[in-house]
Structure formats: structure tokens, C-alpha cells
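Here are some exercises to try with the structure open beside you. Have a go at each task before you read its solution.

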Amino acid sequence: MKTGKISIFIHTYWSFIPMKEIYKHYVTTSEINTPIFIKLSHADHDYWYNFKSDSKHKYNKNHYLYNTRSYRLGQMNSELFIRKSITGQYVIVLTSIMSKSIIIKERFAYLISLFSLNKKKYDIYFEKFSAGAAESAFELFKYAFKMGDSCVYILEKGHPEFKNLKQQYGKALVGKNSFIAFYHIFLARSFQSSDLVGHIQRRLYDNDYLIKKKVLSTDKKIMLQHGPCMATNIFERGYFNRKVPIAPDYMLVNSNFEKNLFLKNTGYTEKELMVTGLPNIDLYVKEQQSEKNQITFMLTWRPWDLTGSIEVGSYLDRYFSFLELIREEKFYKDKKINVILHPKSRIILQEQFPDIYEKYEESFFEGDIKDALLSSKVVISDYSSITFYAFAGGSNIIFYWEDKALAEVEYGAPNILQKEIAFGSIVERFKDLHSEIVYNYNNPQSPFHIAQFSKLMECTSGHNTKNTYDYIQNIIFQNEHNPLEEESAFSISEKQSSAS
């Protein structure tokens, strides 16, 4: 909003930013979190001031708990609230609409938990957005359930397998945003998740005070990783910044190579890094010799170019080009091709660009990504951690790196996965993609790529779930065993298994 010499006297104390302008900015940029600044323009220079309630605000964990109530944006299918960053900076957040009944259930569950005679504590398991049951958190939950632990898995009720899983696990499996889910969260002793613990909130970007306060007071936040942290350089993007109030207390890693990345790039120490390997990898290792006759195409999240226009080389253009390729080439006629949108991309396409999504909806894969990867002879991706899972399961990998230079600029740092340690074919031009797919479909994994992969993923014996569970039990119950000794034992064991 612009002001003048006279109106500035009013705007010093009172200003308006139309919500439609905020939403327009969101549609244009896909920025969900927008910091608020004041710019003063002079003839020779512009002065920027970050907007804080106190200009002397410093880092404070309590800023994480601050937020305003949510405001609905008319017909825009969104809500808006203001939060503070850890330095006190005001940030506008655009998020999805939430039913008021969820707020009531949460507050009621909180009160009941305070006066509950049963002070039993629970280990809470969940995955990205609490929307899946196919990653490491679910594998670890299944093991904990078998061991008779006080464990609870949180899953969206809309998940296609929710009813079947409910029959298997009974009270231990609860629906996200249900009263019973909130109740168990407030009685949690640990949070064990495949992504950052914020995904347990009522919605991904949320002004939830009660859950944030509970998470903040818990010292056993254990991240099992959504995928190995060895593709893009997420360390440079602050993903594991220990200053973030709800950063994991313990991190699972897959090798000494990955552990050293954390020691070098984060504030984590040896005792906070578990070299036990992703539990989910066990599923892929066991299926290495199964029949594989499918092809999967899945590019990673690109927030910088996900727009409604189909520009050459954009995220959408690459998908549409691949769809045209499999329609034109006879090679693909008798094969099952899985074209998988990244979960965030699918959500934004559905909400912001429904016409484009509807046009191509039938061509996009529906189902469990794990099933697609386990059945694929060839997996085409770019900078996604799914390549590690797929290779562990016996698939050949094609790294489609046509926009690698641009991506590294946008990511803010060179990727960790470079040509010298890549464990698959590298394609830099779309016109070369088809021939590489044909070659990889007709040939087994090369010994060279297997050797490259073993350096990055040491824990491939098929016992990651048990090793991780045992390690975490030592953390939770603080046994006499030294976690560092346990870690060393697991690491040595995995190395020997991998070598054999």
C-alpha cells in the first residue's frame, strides 16, 4: 500500500492491506508464509524495516506459540492468520479452511487429558501431513504394536485403507483431528514421524496453540526421515536448524556419510544421530528380486515455477511432455506407466488450478507410491529421495537433470547428489530420455551403481526396523546402555551385512 506526505500521519497508526491482494500474491508466487516489511522510498535509496511488535525482539521459543485467530477469505477457500518467526518478525500465513468442530474437539480433549485418572503415556507415530501409512513411521509403529507398546498411529480418515487398518490395529489407529487423536497427543511421551513434527497439527500451516505447546515441551521428538537427506542440499535451507523451536531432538540417518553431513551442517551431535537406517528400506530390500515391469515418472517439488501457465521447461511442462512421449512411442503401449505428482504439487493444482488438474487427472497415478516403486523396473526422477528407495528395491534410476543449474540456484546451494556419487543414468535433455528408459528397462542394475549406492546407504541388511526400535527404546527409557555404544554396534553390524 502506498502512502503520501499527508496520509502518512494516518498510516503511521492505521493501515489496510486488502485480503484479496494477499491472496493474489499467494496465487502468483505460491508463497504460503509471507514476512511483513515496511519500505521507505527516498530518491537515492530504499529503506526496509521488518515489521515487529518490538523492534528489539530477539530469538525466543515463545514466538513459535504466538498467532492471531484465523480469518476466512470469502470465496477463496482459504484462511489467513498472522504468526511470529523465532525472531519476532510478523508473517502472514495462507492456509486451508478448517471446521470449527475440530477446534472444539481439540480443546475438550485437552481438558480431559488434564483431569484424566489414567496418566498413561503414548508414543505417537505419523507421516507427512498425517495422510499416509507407507513410510518409516508406519513400519516402526507396526513393530511397536507387535511388541505391545502404548503406541498410537494417526491417519487421515479419508485414507483408502483406513477401515482395513482400523480392523487390524483397533484403538491404536486413530483418525486425524478426532477427539481421541487429540487426547493421545496431549498424553504423548514421544513423537516419531517420517517428517517434521509440525505435520501432526490440525492442518499443515496452523495457528494451533495447544498442540504447539505440547510439542515444544516434549524432548523426544524423533524424526525417521521422509527420505534420505542426500539429494538436494536441504541443510542450506535451514530444514534442520536447531534454533527452530520444534526441531527434532533425534535424527535417523542411513550411513556414516549421511551422519557426517549432519555433523558438518547442523548443530546435531553424535548422540543425537541414529545410524540405524530407514525402517521403510526393509520393505524395498526384501522385494529386490520380485518382478518389476512398470515405469515410474516423479519429479520433486519446485515451488519456484509451479504456476497456472504452461511455460517451456516448467514443472508442468515436463509432466505434459512425458505424457505425450508415452502416448506417441510404441514401447510404452503394453507397459504400466505411473505418472506421479509430488503431494504438494497435487494439492496446489487442485486448489488453485482446478481446470488444469481436471484435464489431466486421469493420467496421474492414484494409490500408494511405495507400490509403484516396488513394481518399477525404471524410475525417472530428478532431486527426489524416492530414488534411494527405488534403487534399494532393485529399480534402475534415471536422474533427469535438465534444469539442475537453475534448481541449485533456486535451492540456494549445490545439490549433495552430484555426478561423481550418482547411482543411476543421468539425462540432461528431454530428447535423450526415451533411449535411456529403453536401455534401463532391458538391463539389470550395474555393479558400478550398486557400489555407488552402498557408500550412501550402508544400512541395507533388512533389519533397520528392529535396530531403530531398539535404539529408540534406550532413548525413551534411558536404560543403562550408552546410546553411543548402541549406535556404534548398529553401524558396524550394518557395514558387515552390507559388505557380505
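**Exercise 1.** Which residue in strand 6 is the bridge partner of Phe81?

*Solution.* Before we start: this is a predicted model, where local features need pLDDT of at least 70 and side-chain atom pairs count only at pLDDT 80 or more, while totals for chains, interfaces and linings use all residues. Residues are numbered from 1 along each chain as its sequence is written, and side-chain values use heavy atoms, with hydrogens and water left out.

Step one: find the strands. Helices (H or I, at least four residues) and strands (E, at least two) are DSSP runs, numbered from the N terminus. Strand 5 covers residues 79–84 and strand 6 residues 90–95.

Step two: check the pairing. Two strands pair if DSSP finds at least two bridges between them; strands 5 and 6 have six, in the antiparallel sense.

Step three: read off the partner. Phe81 is bridged to Val93, and Leu80 to Leu94.

**Exercise 2.** In what order do the four strands of the open sheet come?

*Solution.* Start from strand 6, which is joined to strand 1 by three bridges, again antiparallel. Thr34, for instance, has Ile92 as its bridge partner in strand 6. The full order is 1-6-5-4, with antiparallel pairing. Strand 1 (33–35) and strand 4 (71–72) are the edge strands, each pairing on one side only.

Now see what lies across the sheet: helix 2 (residues 19–29) crosses strands 1, 4, 5 and 6, at about 75° to strand 6. Angles like this run from 0 to 180 degrees between N-to-C directions, and axes are lines fitted to C-alpha atoms, for helices over the stretch in contact (heavy atoms within 4.5 Å).

**Exercise 3.** Which residues point each way from strand 6?

*Solution.* Tyr90, Ile92 and Leu94 go one way, while Val91, Val93 and Thr95 go the other. Buried means under 20% relative accessible area, exposed over 50%, and partly exposed in between (1.4 Å probe, protein chains only). By that rule, six of the six residues in strand 6 are buried.

**Exercise 4.** Which residues of helix 17 are buried?

*Solution.* In helix 17 (residues 447–456), look for His449, Gln452, Phe453 and Leu456. They sit on the same side of the helix, because they cover an arc of only 100° around the axis, taken from the directions from the helix axis to the C-beta atoms. The face turned away from the buried side carries exposed Pro447 and Lys455. Finally, the buried residues pack against helix 8 (256–265), helix 14 (386–392) and strand 18 (425–427).

**Exercise 5.** With which residue does Arg203 form a salt bridge?

*Solution.* A salt bridge is a side-chain nitrogen of Lys or Arg within 4 Å of a carboxyl oxygen of Asp or Glu. The partner of Arg203 is Glu79, with the closest N and O atoms 2.8 Å apart. Arg203 lies in the loop between strand 10 (188–193) and helix 7, and Glu79 in strand 5, so the pair ties together parts that are 124 residues apart in sequence. Both Arg203 and Glu79 are buried.

Zoom out a little: Arg203 and Glu79 belong to a salt-bridge network that also links Arg72, Glu106, Arg202, Asp206 and Asp208. The whole structure has 22 salt bridges.
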